[in-house]
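Got your viewer open and a hand on the mouse? Let's take a walk through this protein, one selection at a time.

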Amino acid sequence: MTLPDLSSLSALRTVQTRSISPENFDGAVGGGGRATEGTGADCARDLGPGWKISPSVDIKAGETFDLAAIEGAGKITHIWITTHTDNWRTLILRAYWDGASEPAVEVPYGDFFCNGWGVFAQVNSQVIAANPHGGFNSYWPMPFRDGARLTIENTSVVDVRVYYQVTYEVGGDYSRDGYFHAQWRRSDPLEELVPHTILEGIEGQGQYVGTYIAWGVNSNGWWGEGEIKFYLDDDTDYPTICGTGTEDYFGGAWNFDIPGQGYTAFSTPYLGMPQVIRPDGLYVSQQRFGMYRWHLADPIHFSTGIPKVDIQALGWRSGWRYLPLRDDIASTALFYLDRPTARRPKAPAASDMEVHLGTAPVPDLGSTPPRAPRG
């Protein structure tokens with residue numbers, strides 16, 4: 001994967017830019033701003049067509065909506081999308097390449113944009129940017145040779161309003177490019193003495209390019225002593241790449257702790273821990289973290305496949321001994337592959353994605369005025 005830089009920005013290329021949004025559902029040339037009905041029609045009733053008639057779509061509970069359907073060869077270069085925070089773990093983002101019946105991308109909406117907990121975190125990275133308040137951007141290059149389809153499934157029991165724009169190019173040669181894949185897995189809680197699996201059973205040639213983890217801590221003490229391991233090609237019992245600790249893999253050190261400040265959030269072009277959710281003294285009783293590591297300058301190449309990528313959850317116990325933990329770990333693995341489909345886990349259901357931040361029901365106290373539960 002080669003990301004564009006300023007030195008190539010001035011190069012003239014025989015490609016054309018197209019854009020799909022609720023104002024131009026098929027990306028047609030000259031097709032934008034023609035809507036006569038849509039979610040903004042009433043607001044524009046005094047202005048008429050061309051004045052933000054269709055800025056968004058409503059996705060009914062239980063339904064799947066096609067964000068984009070593109071014919072022929074091309075490459076998606078940017079996705080901007082937004083919806084309310086309550087929906088970030090009830091929507092599933094999927095991408096299909098070259099007419100495949102199975103998705104190459106299948107990830108909860110918030111996790112794909114490094115906001116897995118349904119609580120906003122600013123992300124300032126080269127390929128994912130999350131901006132106030134929930135403006136999500138992806139710059140992952142997504143090439144395809146014979147069509148692309150992006151969808152969102154609403155697994156909740158309420159309708160969801162989504163605003164989005166998908167920008168792509170056509171007219172280039174994408175025959176030598178790998179297909180973009182993203183897979184989500186969750187251990188809730190992690191099995192005893194078992195590492196969390198990030199990826200497994202991938203066949204083909206490609207490169208591993210990124211990891212996002214929403215990590216929920218279920219006990220006191222430090223939680224990030226575990227190693228990440230990449231089993232590549234013919235690896236079986238032992239990995240080719242073995243890290244030194246969780247915070248080390250995500251680019252930090254010494255517990256992400258600035259003395260006197262505790263856990264310190266950070267976000268850089270290639271890696272970061274942009275989210276630290278602290279206990280609130282009531283229902284939010286445990287710490288939650290969001291971390292990403294993009295292998296952009298250092299992609300992990302494989303020739304025949306990735307048998308497995310996993311990460312341990314380790315803390316400390318008495319006598320300077322490691323303590324295996326049973327935390328809530330949800331990971332997103334991103335990679336490019338020489339084929340549009342790959343082995344993947346079963347599609348997540350609403351119960352698989354649910355965020356447990358401790359919201360409790362409020363008991364009926366008779367004449368006492370009711371108060372809203374906090375989450």
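Among contacts in the chain between residues at least 6 apart in sequence, what percentage join residues at least 24 apart? The answer is 73%. Keep in mind as you click around that this is a predicted model.

**Stop 1: the whole chain**

Start with everything selected and shown as a cartoon. You should find three helices and 27 strands. Now switch to the C-alpha trace and turn it about: along its principal axes it spans about 70 × 70 × 40 Å. A compact globule of 375 residues would have a radius of gyration near 21 Å, and the chain has 22 Å, so the value agrees with that picture.

Next, turn on the surface. The accessible surface comes to about 18100 Å², and 51% of that belongs to carbon and sulfur atoms. As for what is hidden, 48% of the 375 residues are buried.

**Stop 2: a four-stranded sheet**

Hide the surface and select strands 14, 24, 16 and 17. Together these four strands form an open sheet in the order 14-24-16-17, with antiparallel pairing. The edges are strand 14 (196-203) and strand 17 (241-242), each of which pairs on one side only. If you are wondering what holds such an arrangement together, strands of a sheet pair through backbone hydrogen bonds.

Zoom in on strand 16 (228-231). Which strand does it meet through four bridges? That is strand 24 (residues 305-311), and the two run antiparallel. Click Ile-228, and then its bridge partner in strand 24, Ile-311. Then try Lys-229, which stands opposite Asp-310 in strand 24.

Now look towards strand 17, which is joined to strand 16 by two bridges, again antiparallel. Here Lys-229 has Cys-242 as its bridge partner.

Show the side chains of strand 16 next. In a regular strand, side chains alternate between the two faces of the sheet. Are the faces of strand 16 covered or open? Both are covered: Ile-228 and Phe-230 on one side are buried, and so are Lys-229 and Tyr-231 on the other.

**Stop 3: charges over rings**

Stay with Tyr-231 and add Lys-308 to your selection. Lys-308 lies over the face of Tyr-231, at 4.9 Å from the ring centre. For another example, jump to Tyr-96 and Arg-149: the charged end of Arg-149 sits over the ring of Tyr-96, 5.1 Å from its centre.

**Stop 4: rings meeting rings**

Select Phe, Tyr and Trp and show them as sticks. The count here is 27 aromatic pairs. Pick out Trp-222 and Tyr-263 to see one of them. Their ring centres are 6.3 Å apart and their planes make an angle of 25 degrees; planes under 30 degrees apart count as stacked, so this pair is stacked.

Where do the two partners come from? Trp-222 lies in the loop between strand 15 (206-216) and strand 16, while Tyr-263 is in strand 19 (residues 262-263), so the pair ties together parts that are 41 residues apart in sequence. Both Trp-222 and Tyr-263 are buried.

Then go for a bigger selection: Trp-88, Tyr-109, Phe-112, Phe-113, Phe-136, Trp-140, Phe-180, Tyr-292, Trp-294 and Tyr-336. Ring pairs link these residues into a cluster.

**Stop 5: backbone oddities**

Show the backbone atoms and find Pro-132 and His-133. A cis peptide bond joins them, with omega about -15 degrees. His-133 is in the loop between strand 8 (128-131) and strand 9 (135-138).

Another cis peptide bond joins Asp-188 and Pro-189, where omega is about -5 degrees. You'll find Pro-189 in the loop between strand 13 (179-187) and strand 14.

Now for phi. Select Lys-52, which has a positive phi of about 55 degrees although it is not a glycine. Lys-52 is in the loop between strand 1 (16-20) and strand 2 (57-59). Is Lys-52 buried or exposed? Its relative accessibility is 59%, so Lys-52 counts as exposed.

Finish at Trp-320, another residue other than glycine with a positive phi, near 55 degrees. Trp-320 is in the loop between strand 25 (314-317) and strand 26 (321-324). With 73% relative accessibility, Trp-320 counts as exposed.

Terms used:
Residues numbered from 1 in each chain as written. Predicted model: local features only at pLDDT ≥ 70, side-chain atom pairs only at ≥ 80, totals over all residues. Heavy atoms only, no water. Phe/Tyr/Trp six-rings, centres within 6.5 Å; stacked < 30°, edge-to-face > 60°. Buried < 20%, exposed > 50% of the residue type's maximum accessible area, 1.4 Å probe, protein only. Lys NZ or Arg CZ within 6 Å of the ring centre and 35° of its normal. Rg over C-alpha atoms; globule rule 2.2 N^0.38 Å. Contact = heavy atoms within 4.5 Å. Areas by Shrake-Rupley, 256 points an atom, 1.4 Å probe, with all protein chains shown as cover. Pairing = 2+ DSSP bridges.
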